[in-house]
Amino acid sequence: MQTRRSINIPVVAAKSQSATAQENVMDDSNCSGKDPVALMVMGDSMEPEFLDGEILVIEPDYPAKDGLFVIGWLNEEYIFRQLKREAHGGWLLHALNPAYPDEPISGLDAIRGTVTHKRQARSRKSVKFYVEQ
C-alpha cells in the first residue's frame, strides 16, 4: 500500500474579475508562488474528463509536458487545457470538448502550473491523479 503525503493548499479569495486579481490567484503574496493551489473547474471546455465543479490541484513547479493538463496564461486570463506539441514544434492549449478551438501559445513560459489530480466537489474519496506521485 502506497502512502500519499498530505499537502496544505492555500485558499485565496477572489477580489474581482480583473486580470490583476486573476494573476493573484496563482501569485498571492501570502504564498511562495511555488505552493500548490486548488481551482474549481468552471464550464464545459474540458468535458468529458473534467466536469463543472470538480476541484483541480495545480503544482506551479511541475514540469509541463506534452499531453499533461495545465493552467496557461493566454489573452490576459488563465485557461485550463491540455498541452499539446504541434508537428512543427510549436505548442497548443487543447480543449477536450471539440466545441472549443485549440489555442496556440508562444512557448512553455505561458504555462503557470500542471494539474496533478482532481476531486469531485463533494467527495473526499473520488481522487484521480494525472502525474506520477
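Here is a short chat about how this predicted chain is put together.

User: Before we start, what kind of model is this, and how are residues numbered?

Analyst: Side-chain values use heavy atoms, with hydrogens and water left out, and residues are numbered from 1 along each chain as its sequence is written. Local features need pLDDT of at least 70, side-chain atom pairs count only at pLDDT 80 or more, and totals for chains, interfaces and linings use all residues, since the model is predicted.

User: Okay, what pattern does the chain follow along the sequence?

Analyst: Helices (H or I, at least four residues) and strands (E, at least two) are DSSP runs, numbered from the N terminus. The chain has one helix and eight strands. Read along the sequence, the pattern is α-β-β-β-β-β-β-β-β.

User: What share of the residues is buried?

Analyst: Buried means under 20% relative accessible area, exposed over 50%, and partly exposed in between (1.4 Å probe, protein chains only). Of the 133 residues in the chain, the buried share is 36%.

User: Which residues make up the largest nonpolar core?

Analyst: A nonpolar core is a set of buried Ala, Val, Leu, Ile, Met, Phe, Trp, Tyr and Cys residues joined through side-chain atoms within 4.5 Å. Strand 2 (55-59) and strand 3 (69-74) each supply at least two residues of the largest core. Its 11 residues are Val37, Val41, Met46, Phe50, Leu56, Ile58, Phe69, Ile71, Phe80, Val115 and Tyr130.

User: Which residues does Phe69 touch, leaving out those up to four places away in sequence?

Analyst: Contact means heavy atoms within 4.5 Å. Phe69 belongs to the largest nonpolar core. With those sequence neighbours left out, Phe69 touches Met46, Phe50, Phe80, Arg81, Gln82, Leu96, Thr114, Val115 and Tyr130.

User: There's a second core too, so is Leu93 in it buried or exposed?

Analyst: The second, separate core has nine residues, including Trp91, Leu93, Ile105 and Ala110. Leu93 is found in strand 5 (residues 91-94), and its contacts beyond four places in sequence include Val70, Leu74, Ile79, Ile105 and Ile111. With a relative accessible area of 0%, Leu93 is buried.

User: How are the rings of Phe50 and Tyr130 arranged?

Analyst: Rings of Phe, Tyr and Trp (its six-membered ring) pair if their centres lie within 6.5 Å; planes under 30 degrees apart count as stacked, over 60 as edge-to-face and the rest as tilted. By this rule there are five aromatic pairs. Phe50 and Tyr130 have ring centres 5.1 Å apart and planes at 40°, so the pair is tilted.

User: Why does that pair tie together parts 80 residues apart in sequence, and where do the two residues lie?

Analyst: Phe50 is buried at 0% relative accessible area, and Tyr130 is buried at 16%. The pair ties together those parts because Phe50 lies in the loop between strand 1 (37-40) and strand 2, and Tyr130 in the segment after strand 8 (127-129).

User: Which residues form an aromatic cluster with Phe50, and what lies over its face?

Analyst: Phe50 forms one aromatic cluster with Phe69, Phe80 and Tyr130. A charge sits over a ring if NZ of Lys or CZ of Arg is within 6 Å of the ring centre and within 35 degrees of the ring normal. Over the face of Phe50, at 5.1 Å from the ring centre, lies Lys118.

User: How far apart are the closest N and O atoms of Lys128 and Glu49?

Analyst: A salt bridge is a side-chain nitrogen of Lys or Arg within 4 Å of a carboxyl oxygen of Asp or Glu, and the count here is three. Lys128 lies in strand 8 and Glu49 in the loop between strand 1 and strand 2, so their bridge ties together parts 79 residues apart in sequence. The closest N and O atoms are 2.8 Å apart.

User: Which residues are linked in a network of salt bridges?

Analyst: Lys118 bridges to Glu49 at 3.9 Å, N to O, and to Glu54 at 3.3 Å. Lys118 and Glu54 are both buried, whereas Glu49 is partly exposed at 23% relative accessibility. Lys128 is also a partner of Glu49, and the network is Glu49, Glu54, Lys118 and Lys128.
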